[in-house]
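Good morning, colleagues. I would like to take a few minutes to walk you through one chain, from its overall make-up to a few individual residues.

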Amino acid sequence: SVSTVRQRLTRPPAGLPAAARRRRNEWYVIRHFVASAAAFYLAIAGLVGIVCQKEALGRPHLRTLHAWCGAAAWVLWGAA
């Protein structure tokens with residue numbers, strides 16, 4: 001299930017063994033990786049769709065402020 005901020009901020013029960021705490025933290029890392037990978041692949045698919053549509057219509061790329069802001073977002077995301 002999806003965790004909430006309240007669940008992440010609450011301390012685990014005092015009697016929780018170290019192995020269970022590690023497993024709990026590993027699941028947070030795994031879910032974060034899966035969400036990040038899904039966002040990356042969907043963003044790539046969107047970018048490919050934009051390029052294909054521009055090519056099909058014969059329009060030039062990066063002609064608007066919106067396009068430049070999107071390109072800057074890609075660069076900043078890649079730099080992170």
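**Overview of the chain**

Of the 80 residues in this chain, 4% are buried. Please bear in mind that what you see is a predicted model. The accessible surface amounts to about 7000 Å², and carbon and sulfur atoms account for 68% of that area.

Let me turn to the secondary structure. The chain has three helices and zero strands, and the order from the N terminus is α-α-α.

How confident is the prediction? The mean pLDDT of the chain is 86, and 86% of the residues reach at least 70. Confidence is lowest in helix α1, residues 5-9, where the mean is 70. The highest value belongs to helix α3, residues 65-79, with a mean of 92. As a reminder, predicted coordinates should not be read in detail where pLDDT is low.

Helix α2 covers residues 18-57, which is 40 residues. What span should we expect for it at 1.5 Å a residue? The expected value is 58 Å, and the end C-alpha atoms of α2 lie 59 Å apart, so the two agree.

I move now to what follows that helix. Just after α2, G58 adopts a positive phi of about 70°. Further along, in the loop between α2 and α3, we find L62. The phi of L62 is also positive, near 55°, and this residue is not a glycine. In general, most residues other than glycine have a negative phi. As to its surroundings, L62 is partly exposed, with a relative accessibility of 38%.

Next, the surface. Which residues form a nonpolar patch there? They are F40, Y41, I44, V48 and W77, and together they present about 490 Å² of accessible area. The greatest contribution comes from α2, which supplies four residues. W77, for its part, sits in helix α3. With a relative accessible area of 39%, W77 counts as partly exposed; membership of a patch requires over 30%, so W77 passes that cut-off.

Finally, the cysteines. How many disulfides does the model contain? The count is zero. For those who want the chemistry stated, a disulfide is a covalent bond between the sulfur atoms of two cysteines. In this chain, C52 is partly exposed at a relative accessible area of 48%, and C69 is likewise partly exposed, at 46%.

To close, I return to the starting point: buried residues make up 4% of the chain, and its elements are three helices with zero strands. Thank you for your attention.

Terms used
Residues are numbered from 1 along each chain as its sequence is written. This is a predicted model: local features need pLDDT of at least 70, side-chain atom pairs count only at pLDDT 80 or more; totals for chains, interfaces and linings use all residues. Side-chain values use heavy atoms; hydrogens and water are left out. Helices (H or I, at least four residues) and strands (E, at least two) are DSSP runs, numbered from the N terminus. Buried means under 20% relative accessible area, exposed over 50%, partly exposed in between (1.4 Å probe, protein chains only). Accessible areas come from the Shrake-Rupley method with a 1.4 Å probe; for residues, only the protein chains shown count as cover. A disulfide is a pair of cysteine sulfur atoms within 2.5 Å. pLDDT is the predictor's confidence in each residue, from 0 to 100. The expected span of a helix is 1.5 Å times one less than its number of residues. Patches are made of residues with over 30% relative accessible area and no salt bridge: like charges are joined within 9 Å, nonpolar side chains (Val, Leu, Ile, Met, Phe, Trp, Tyr) within 5 Å. A salt bridge is a side-chain nitrogen of Lys or Arg within 4 Å of a carboxyl oxygen of Asp or Glu.
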